[in-house]
Amino acid sequence: MATPVLSVRDLTVEFPAAAVHPRAVDNVSFEVAPGEIVALVGESGSGKTLTAKAVLGLLPDTARATGSIDLAGQQVLGLDEKALRSVRGSRAAMVFQEPSTALNPVETVGWQIGEALRAHRKVKRADARRRAVELLEVVGIPEPEKRVGYYPHQLSGGQKQRVVIALALANEPDLIIADEPTTALDVTVQAEILRLLHDLRDRLGRAVLIITHNMGVVADLADRVVVLRSGRVVETSDVLELFARPQADYTRELLAAVPRVPTTSDSTDSTDSTSDSTSDSDSTAGGKTAAVRPLGAVKRLGSAEPPEAAVTGDAAVTGEATEAPGAVRPVVDFRDVVVEYPGRLGRPAFTAVDGVTLSLAPGEVLGLVGESGSGKTTLGRVVVGLLRPKAGQAEVLGTDIGGLSAGGLRAVRSRIGLVFQDPATTLDPRRSVGDAVGEPIEVHGRAQGRAVRQRVAVLLESVQLPASYADRRPAELSGGQRQRAGLARALALDPELLVADEPTSALDVSVQAAVLDLFRDLQEQYGFACLFISHDLAVVDEVADRVAVLRHGRVVEVGRAADVLRRPSADYTRRLVDAIPVPDPAVQRARRLVG
Amino acid sequence: MTDTVQTPTRPAADAPTAPEQQLPTATPAAATPAAAGPASVTPAEDVAAVATAPRRRRVLLHGRGLFGLLLVGGILLLGLFAPLLTPYGPTEQIPGANLLPASGRHLFGTDEVNRDVLTRALYGIRVDVLVVFVAVPLGALLGTAAGTLAALIRPADVAVQRIFDVILAFPPIILAIGVTAILGAGITPIFVVVVAVEIPYFGRLLRSSILTLRELPFVEAAEAIGASRWWILRRHILPNSAEPLFVQLALSMSIAVFLESAMSFLGIGVRPPEPSLGTIIADAVSDLDTAPMQAVGPLLLVTGFVLGFQLIAQAVGARRRI
Amino acid sequence: MLRYLVRRVPSAVLVLFLASVLIFAIIRLIPGDPATSLAGSDASPEAVAAIRHDLGLDQSVPSQYLSWIGNVLTLDFGQSYSVGGEITSLVADGFGNTVILTLSALLLAILIAAVVGPIWATTRNHWLESAITVVNTISVALPTFVSGVLLVLLLTVIFPVLPSAGIPPDGMFARLDITAQYLVLPALCLALPVSAVLSRFLAETLRTELRQPYVLTATALGVPRRRLLLRYAMRNALPTTVTVIGLQAGSLLGGAVLVEAIFAWPGIGQLIEQAIGRRDYPVVQVLLLLSVFIFVVIQLLTDVVHALLDPRVRIGGAQ
C-alpha cells in the first residue's frame, strides 16, 4: 500500500466533564490509502462522527483528544488554530449530513465557493467565479453558469449537497470526509450522490472517508469498512469479506438487523437468505409473501369497544375470516381525494394530494411509501381528521371524515390511534409518560383515577416497558423507549385503525428492528388495521400486506407488498426500488455495472 | 419583543422524510454511547438521554434570580411598612426643615416645602406596588384572553391583531401623553396606560405561543386522539406557555415601574402633593447641585425596582433557553 | 419582494388611519366643551364661538375628521392657542432638533452594539463576560430619566466639564465641536437603554448563528474564526437586528420626550410637554399623529430592509 493519506493511531476522545461515558472514542486506529473509500460504520453513540471531526480538529472545546492523526504527513492533533486552518479544506475537506443547513443562506453559491478558495490563497474575483462554475460542472449541477448566482434556497436538496461537495473539492484535497452525506436525502437522490462520490474517486482519484449508519451505503461505496461500537473498533475488513464473513458478533447483529428489500432484478428471495440469524423478522417477511395475514383470527383486547354502532362492516370483521381486502366494508375508503394547502402571500395554492383513491380493509396493514413531497404524510393527516380534503370522498370507519362535526370527529378519533415520526416531540415534555399514555382514556372519559393508572400499566407492559416508567418524563427515556410509549398511547383505546407516520425513521437500525418486531406482535394481538407511512421501502416490506406508492400527490401503484416491491409495474416504483442500495456489496457492484 | 416581519413559510408541509435524524455527536451529552446491540433487545435498548426537567422555582433561589427577588421584595417591604419606618407623614410639613441636606435625621434631606424626602419616597413606592400588582396583572389577563381568542377564532384574529397593531403604533410614553390629554393627570391614566401597553405584549405572546405549540406533534397528537380545544388549551398549551408568560410578566412589571415614574416625572402622572418617586425626582432636578440625595435616593429605589424585575425575567428566561 | 410590499403597506396605512381616528377623538373625549376650555374661563362667547368654528366643532363628526385629516395631510396644522403662532412652524422648529438628537442617539446605540455584541458573543474571558453582563443589565434597567439625572449630576455638577442643558447658543451647525458638547449627554442618555437592548440581542443572535451548520462547513474549509464572526454570523444576524432597531425606534421617540425635559432640549418632546401642561389639544394631536406616523413608517422601512437583506424573502420560491 502506498503512503496512506490518513492514518489514525490510538485516537481517544474524552469529555472529562461528562458524567456518563466520558470516553467517546477509545483507541481507534485505521488508515485510508490514496484513492481508497473507507467507511466508518456504527450506530448513534459509536463515536464515528467525533472521529471524523477530530481529523480536521473540529472537536468541541470540552473534548480532549490523544493519540495520533497523520494527514498526508502532517500531524493534526495538537496543532494550533492557524496551522489547523491551513490543513482544513486543503489536505482534507468535509461534507456534512444536512445540505439544507450546511450552506450559508444569505450568500450565493458562487460566493461560498470563492470563500473556500480565498481561505487558502489570494484569488481574483473573475478567477474565483470561473473556478466555481468549473466545480459546479464537476459535481453535476445543470447550467452552472446560471446556478453560480443562486442562493441555497433556490436549489433542491440534492443540488445543495452537490454544492457542499463542490466546496469540499475547491482546494483539491486528497481526502474527502463525508459525514452521513445522504442520510437527509430521498433514496433516488441518495443514489445520485453516491454515484457522484464514486466518480470523485474514479475520475479524480480522491480518497473518501464516509461515515454512515446505512449498510446499503457501505455496500455500495466502500472498499474497506471500519465498524465502530461505543467508541471502539469492533472490526476492520474488506467490504466483500465483511458482508460475506463478518467476524465480530456485533457486525453480524448489525447486518442482521438491517431490513432488506429484494432487488427487482432477482425476484426470488435470495437476499433474505443472507440473514438467517434473525429468524423472527425474516420468517414474517418471508411468510408474508406467501399469503396475506389471516384477518379473522385476531383477538380484540379490552372491553373498550366504541359505543357508536355506525360501522356496519365492523361486525363482519370480528366475525369470520375474509379472504381479500375489499370484501368487507373498508376501514379507510378514499375516492379521488384532493388536499390543498392555501398559498401564502398571494401564491397559488399547493396541491399536496391530487386525486387519491385508496382503501384499507379491517386488520390490514397498508404501507404508504413515497419520497418527500409525495403527499404521504398529508394523507395520514386527512385520515385522522387533522386536514380536510378539498374534494373527493374520504371515508374513515364508515363516516365521511371531511364533513364531520366536532363531536362526530371526536367519536371517530376514539377509534383511531396515531404514532408519529419523532418520539421526542410527540410526547408533551412537561407531562409524565403515564399522563401521555392515559390521555386518550381520559379524553374520552373511559375511566378515571386508579383505573386509568392500571390501564396505563397494562399498556406499558404490552409494549415491553416497565410500569414504573409511567412516572418518568419523556426526556428521561431513550428514543426507542419513547416510540414504545407512543405505541402504547396509540393503543390505549384499542383502536380499529392505527396511523403510523414514519414510526421508526428516527431510530437506530437495531432499535428499529426491535420496534418493528413489537409492532408486528401488537398488530397480530390487537388486529387493528394500519396505515403505515414510510419513506423506507425495506421497513414497509417487513410490516405491510399491501403497498401504495405515492408520487407528487398521486398514487403510482397499489398492490400486494410482495408484488409491488419485487415486480413493480410502474416505472417510478422500479426506479425507487433500484435506488435503494442493497446491503450486499457483490450485488451492488453487479447492479452498478448494469446501471 | 415580537417581531413584525413574517417570513413566508414553505407551502407544503409534507413530513421531512429525513431518516435517522442523528443527534449532533459534538455535544457531550449526545456523545454518550448507546451501548446495547441488537442481540440484547430489551426495553432499555438504548441509553436514555436523561435531561432534568426544568425547575422554575429553583432559578429564583440563587444567582441573579435571587438578587432580583431580594431587590423587589426589599423595596416592596419598604413601601408596605412605610408608616413604621418613618416618623413623618408623606405630606407633613416639618417646621424649620426647609431644603435640609441629607443627614442622619433626614436621610434624603427635605424639600422646599419642608417635607421629608425619604418619607415621601417610601410612600411613593406604594403607587408602584399598586400599578405593578394590579394594573400589570389586569393587562396581562386581558392580553392573554385577547391572544387566546385571536389564536383560536379565525374571524376574531384579524380584528384583535389590528387592535394590537394600533396600540403598538404608539410608543408607550406617547400613548401616555395621549391618554393624559383625555383623562387629565392622575393615577387613573397611569393605570389605563399600563393596562393598554401590556395588552398587545401578552396578546401577541400568547397568540404566537399557541400557534407555535399547535404545530408541535404532541399537540397535534392530542387533537388526533379527539381531545377538545379546551382540553388541549388547559392540558398542553397553557402549561407550556407558562414560562414565557412569567418572563413577560416580570418584564412588564419593570416597564410599569418605569412608566409610572416617567409619567409622574413629566407631570402627567401622580399629582402632587401625593408622593411618587417620579414627582420627587422631577422636583429634585432643579436643586441637583445643592441637594443631590433628594434625587439620588428615589433614583436608586426606582432603579432597584426595575432592575429587580429585569433580573427575575432574565433568570427565568435563561433557564428556558437551555 | 413586490408581493411582500403589497401586503405590508396596506396594513401600515390601516394602522395609521385607525390611530388618526383615535387621536382625532381626543378632542371629542375630553370632558366639557373643548372650545371653552381652550379659550379659557374668562373668554367672551364670541371668542368661544370663533374657536368652535376654527376647530370645526359646528360640523358633523365625519366631516370634522375629514377636514382635520385634510389639513394635516397638507401640513396645515392651524393655530396654537396657548403657545401662539402657527403650529406648523412650531413643529418644524422642534422637529429638526429632535431629529438631530434621536439620530445621534440611534447611531451611538448602533455603534456601541456593533462593538459590544461581537465581543460579548465570543469572549471566553469569564471576567469580561460578567462585566459586560452587569453593565448591560443595569443599562437596560436604568430608566432614561434616571440615567439622565445621574449623568447631569456626574458631568455637570460634580465634574463640570459639559454644559448641563439647552442647545448651542449659535445654532446647531455653527461650531460642531460645541454642538457635540451639548449633544453628547442627552444623546448618550437616550442611546443607553437602546444600545443595551441591541447589544444583548446581537450577542445572542451571533451566538446562535455561530452554532449553525453553515459555520461548521466554513470552518472545515479553513475560513478564519474572525471572518466567521464578522462576515458570516454578522451578515446572517443583520436582517433580524434591523427589525429590532426598528422596534427600538419607539423607545427612542418616547425617551426623547423625557430626555428633552431633563436637558431642556427644545424639540418636539418639549413642545408636547408644554402643550399638555397648557391643554393645547390641537398641538397635542398633531404631535401624537406625527410620532405615530414616524414610528409606523420606521417599522415599515425596517421590514423592507429586512426583506432586502434576506434573499429568502427577497427572492422567494424555493424550487
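This is a short walk through chains A, B and C of the structure shown above, which is a predicted model.

Let me begin with the overall make-up of chain A, which holds 24 helices and 20 strands. Buried residues account for 61% of its 595 residues, and its accessible surface amounts to about 21600 Å², with 49% of that belonging to carbon and sulfur atoms. If we take the contacts in chain A between residues at least 6 apart in sequence, 69% of them join residues that are at least 24 apart.

Within chain A, I would like to look at one sheet in some detail. It is an open sheet of four strands, in the order β12-β11-β14-β15, and the pairing is antiparallel. Which strands stand at the edges? They are β12, residues 350-360, and β15, residues 399-400, and because each of these has a single partner strand, one side of each is left without a neighbour in the sheet. Helix α14 of chain A, which covers residues 376-383, packs on this sheet and touches β11, β12 and β14, and its direction makes about 115 degrees with that of β11(A). As for the pairing of β11 with β14 in chain A, residues 332-341 of the one run antiparallel to residues 391-396 of the other, over five bridges. To give one pair that you can find on the screen, Val332(A) has Val396(A), in β14(A), as its bridge partner.

Elsewhere in chain A there is a hairpin, formed by β9(A) and β10(A) with two residues between them. These strands, residues 224-229 and residues 232-238 of chain A, pair in the antiparallel sense over six bridges, and the bridge partner of Leu228(A) in β10(A) is Val233(A). In the turn, Ser230(A) has a positive phi, of about 50 degrees.

Let me turn now to chain B, whose secondary structure consists of 11 helices and zero strands. Of its 322 residues, 58% count as buried, while its accessible surface comes to about 13400 Å², of which carbon and sulfur atoms hold 66%. For contacts in chain B between residues at least 6 apart in sequence, the share that joins residues at least 24 apart is 69%.

On the surface of chain B there is a nonpolar patch made of Leu77(B), Leu78(B), Leu80(B), Phe81(B), Leu84(B) and Leu85(B), which together have about 580 Å² of accessible area. Where does the largest share of this patch come from? It comes from α2(B), which supplies three residues, although α2 (63-80) and α3 (82-85) of chain B each supply at least two. Leu77(B), for instance, is found in helix α2 of chain B, and because its relative accessibility is 46%, Leu77(B) counts as partly exposed.

Finally, a residue in chain C: is Leu151(C) buried or exposed? Leu151(C), which lies in helix α7, residues 144-158, of chain C, has a relative accessible area of 16%, and since buried means under 20%, Leu151(C) is buried. Leaving aside residues up to four places away in sequence, Leu151(C) touches Thr156(C), Leu185(C), Leu188(C) and Cys189(C). As for Leu287(C), it stands 136 residues from Leu151(C) in sequence, and the two are 28 Å apart in space, taken from C-alpha to C-alpha.

Key
Residues numbered from 1 in each chain as written. Chains lettered and ligands numbered in written order. Predicted model: local features only at pLDDT ≥ 70, side-chain atom pairs only at ≥ 80, totals over all residues. Heavy atoms only, no water. Patch = residues over 30% accessible without salt bridge, like charges linked within 9 Å, V, L, I, M, F, W, Y side chains within 5 Å. Areas by Shrake-Rupley, 256 points an atom, 1.4 Å probe, with all protein chains shown as cover. Salt bridge = Lys/Arg side-chain N within 4 Å of Asp/Glu carboxyl O. Buried < 20%, exposed > 50% of the residue type's maximum accessible area, 1.4 Å probe, protein only. Pairing = 2+ DSSP bridges. Contact = heavy atoms within 4.5 Å. Axes fitted to C-alpha atoms, helices over the stretch in contact; angles between N-to-C directions.
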